[in-house]
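Open the model in your viewer and keep the selection box at hand. The tour begins with the chain as a whole and then moves from one site to the next.

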Amino acid sequence: MKKIVILIVAAALVVGFFYFDLNHLLTLEALKSGVDQFKSWRTSDPLLVSALFLLFYILVTMLSLPGAVIMTLAAGALFGLLWGTVLVSFASSIGATLAFLVSRYLFKDAVQGRYGDRLKSLNKGIETDGAFYLFSLRLVPVFPFFLINLLMALTPIRAVTFYWVSQIGMLAGTLVYVNAGTQLVKVDSLSGILSPKLVLSFALLGLFPLIAKKLVSFMRARRVYADYQKPKRFDRNLIVIGAGAGGLVSAYIAATVKAKVTLIEANKMGGDCLNYGCVPSKALIRSARLAHQMRQAENYGLEATEPRFSFRSVMARVHRIIKDIEPADSVERYTKLGVDVVEGYAKLVDPWTVEITTQDGGVRRLTSRAIILATGARPFVPPLPGIDDVGYVTSDTLWDEFAKLDQPPKRLVVLGGGPIGCELAQSFARLGSQVTQVEMAPRIMIREDEEVSLLAKEALTADGVTVLTDHKAIRFEKIKGKDGAIKRLIMDHNGQEKIVEFDTLLCAVGRAARLEGYGLEELGIETNRVITTNDYLQTLYPNIYAVGDVAGPYQFTHTAAHQAWYASVNSLFGQFKRFKADYRVIPWATFIDPEIARVGLNEQEAKESGIAYEVSRYELDDLDRAITEGATKGFVKVLTVPGKDRILGVTIAGENGGDLIAEFILAMKHGLGLNKILGTIHIYPTWSEANKFVAGEWKRAHAPHRIIALMEKYHSWRRGRVS
């Protein structure tokens, strides 16, 4: 109601201004004809005239009325250069700030709520460099100042910053116009005040903040590098530390553009994804799923059977698949591509020098213009009392440890309810383990919507997993029993101690970036769980970059590869053009059964961020392909901008969810809405039809009911009309 009142008052003032023809006073002719009268008033009461002039100028500026230029000329004519400049400088800045505050109060929440997702990068840029941008705009009078006032109010720039930058930035233009006002008799037109040469001067002046910004960055870099002697020549254009997804892609790009690049890996080529994560876990999931399908064969008209298998053979298959994929990430392949691959431990000696301790104990040093850190992450093991006594495996170590077993672990405790914990808990349960999954949060997969967490819990429970949420692990114990030592986990649940006995403990509570041993501390490179980088993936030293799990904010193989493009291109060609890492469309999937895939916002994130949205939903139990395959659990849920088909986010829970979501990723990346998906032919019967049908649900909810009603009447009329 307050906003409506303010709008009405502002509109009334503007209408009154034009209704009473006050705008004719703010013309060059009126100013020239009335200047003598104004001067006589000023002579009789200079303070009162100055105060009234100040207030009227503030009002004109605040209401964004035409005539500020005329009033600036009047200030020169009435008060002279010095006092006129003072009056106009303060009046214009105060009026602009009032217009800014009114616009912010009336419109900012609505605009940010509706377009906040699109404005993220702009908001971030304004937060860091808003003063520079505003200063540049204020120095160039060809930009309408009233638009600057109204539009800057919709950004996160602080009102205090807006005021003082405006005060300083508009001073040059104010001086020009006030000085012209002192020579009012010679001024024939407003356009004559700003000659092309003067406009060009202002434009060049507007570049000053940008030049200053570059200069500040240069001086900051000089300070950072002050304690180090930069080599006159470099051994390499780029050194990459770590041969996981981020490191491999970085080295590949550098070799492709014929840069001299060295890739250093201390352990296994391919990193965590090939050797410990994505590849082995998906191989295990496939074996576990087949075992599950054999037990459920009667659902397909076949005879159900309990699968008989050697667990050792299952794990051997996992390692065989790793070996099959290994050549794509091998030393041999990258050497053929032109990459100098070194197996050893790397440490930064200075911003351009890397010391390598090779596996045979030798030490060598290489210098490089740029360095990319892609050191990855390792499983985090919580420092709980007794955990070392009972022993544990992680998502890294289980593949070698379990390869020695003839049978899957009999009683397995999985600590952690995230994606890794859920995938492994379901897989081992399907292979015959008695699995207990322990999660301290109120639900598993806490980053997803509640209904997704519930669906995941129901799926795991149906496969025999005992899912304990709101259970906080306190300590581990190893006590004597009849048949040997008994391992126990003691948990807190609503203030009461709970105990579960187990044979094997799997820690899956998250992953921690590998930060130690690379010389980061000695160089003062800031870390806070991950290496601190800017938008261009640069660390404290502009020539040192970080990508992947060690840089965050996402720990996915595909985001590591995504970041690698930005880091490698910026490191090799940043002197010409730099690119900010783009995180607007980041997808991921959890490969439980049914799969959970997501891109963009889900409902809980939209609510937390105050972003308005609509939901379109399609249940898979209505999809013909899902019915034929007996996999009807799940749904496709799309969040869109209210009243529009622009996609804010998608969650798919169901068979092949990780593949189905690709169409939405493409649509979001290229700004395609649900109407485009609806208008695209999808093969029948396929899972991808679900994407088209959810678009149809959106269309049905936004059908033009009035037009349809008119069409019904038209067709009724046509049936009764004799041709």
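Start with contacts across the whole chain. Among those between residues at least 6 apart in sequence, 66% join residues at least 24 apart. Keep in mind throughout that this is a predicted model.

Now switch to cartoon. The chain holds 29 helices and 23 strands. Its radius of gyration is 34 Å, well over the 27 Å that the globule rule gives for 723 residues, so the chain is more spread out than a compact globule. Turn it along its principal axes: the C-alpha trace spans about 110 × 95 × 60 Å.

Show the surface next. The accessible area comes to about 37200 Å². Carbon and sulfur atoms account for 59% of that area. Of the 723 residues, 47% count as buried.

Colour by charge. You will find 83 positive and 71 negative side chains. The centres of these two sets lie 7 Å apart.

**Stop 1: T262**

Select T262 and show its side chain. T262 sits in strand β2, which runs over residues 261-265. Is T262 buried or exposed? Its relative accessibility is 0%, so T262 counts as buried. Now add R236. The side chains of T262 and R236 make a polar contact at 2.5 Å. Widen the selection to the residues that T262 touches beyond four places in sequence. Besides R236, they are L238, I239, V240, D340, V342 and L366.

**Stop 2: N602**

Go to the loop between β20 (595-600) and α23 (603-609), where N602 lies. At 1% relative accessibility, N602 counts as buried. Which backbone oxygen does the side chain of N602 reach? The oxygen belongs to R447, at 3.0 Å. Then select E605. Its backbone nitrogen lies 3.0 Å from a polar atom of the N602 side chain. Add the contacts of N602, leaving aside neighbours within four places in sequence. These are R447, E448, D449, L639 and T651.

**Stop 3: two cis peptide bonds**

Select G552 and P553. The peptide bond from G552 to P553 is cis, with omega near 0°. P553 is in the loop between β18 (544-546) and α22 (557-573).

Move on to Y684 and P685. A cis peptide bond joins Y684 and P685, with omega about -10°. Where is P685? Look in the loop between α27 (674-678) and α28 (689-701).

**Stop 4: two positive phi angles**

Select R529. R529 is not a glycine, yet its phi is positive, at about 75°. Its place is the loop between β16 (527-528) and β17 (530-531). R529 has a relative accessible area of 77%, over the 50% cut-off, so R529 is exposed.

Finish at N656. N656 is not a glycine either, and its phi is positive at about 60°. This residue is found in the loop between β23 (647-654) and α25 (657-660). How does N656 count by accessibility? At 26% relative accessibility, N656 counts as partly exposed. That value falls between the cut-offs of 20% for buried and 50% for exposed.

How values were computed: Residues numbered from 1 in each chain as written. Predicted model: local features only at pLDDT ≥ 70, side-chain atom pairs only at ≥ 80, totals over all residues. Heavy atoms only, no water. Helix = DSSP H or I, 4+ residues; strand = E, 2+ residues; numbered from the N terminus. Rg over C-alpha atoms; globule rule 2.2 N^0.38 Å. Buried < 20%, exposed > 50% of the residue type's maximum accessible area, 1.4 Å probe, protein only. Contact = heavy atoms within 4.5 Å. Areas by Shrake-Rupley, 256 points an atom, 1.4 Å probe, with all protein chains shown as cover. Lys, Arg positive; Asp, Glu negative; His and termini not counted. Charge placed at Lys NZ, Arg CZ, Asp CG, Glu CD. Polar contact = N/O pair within 3.5 Å; in protein donor to acceptor, adjacent residues only side chain to side chain.
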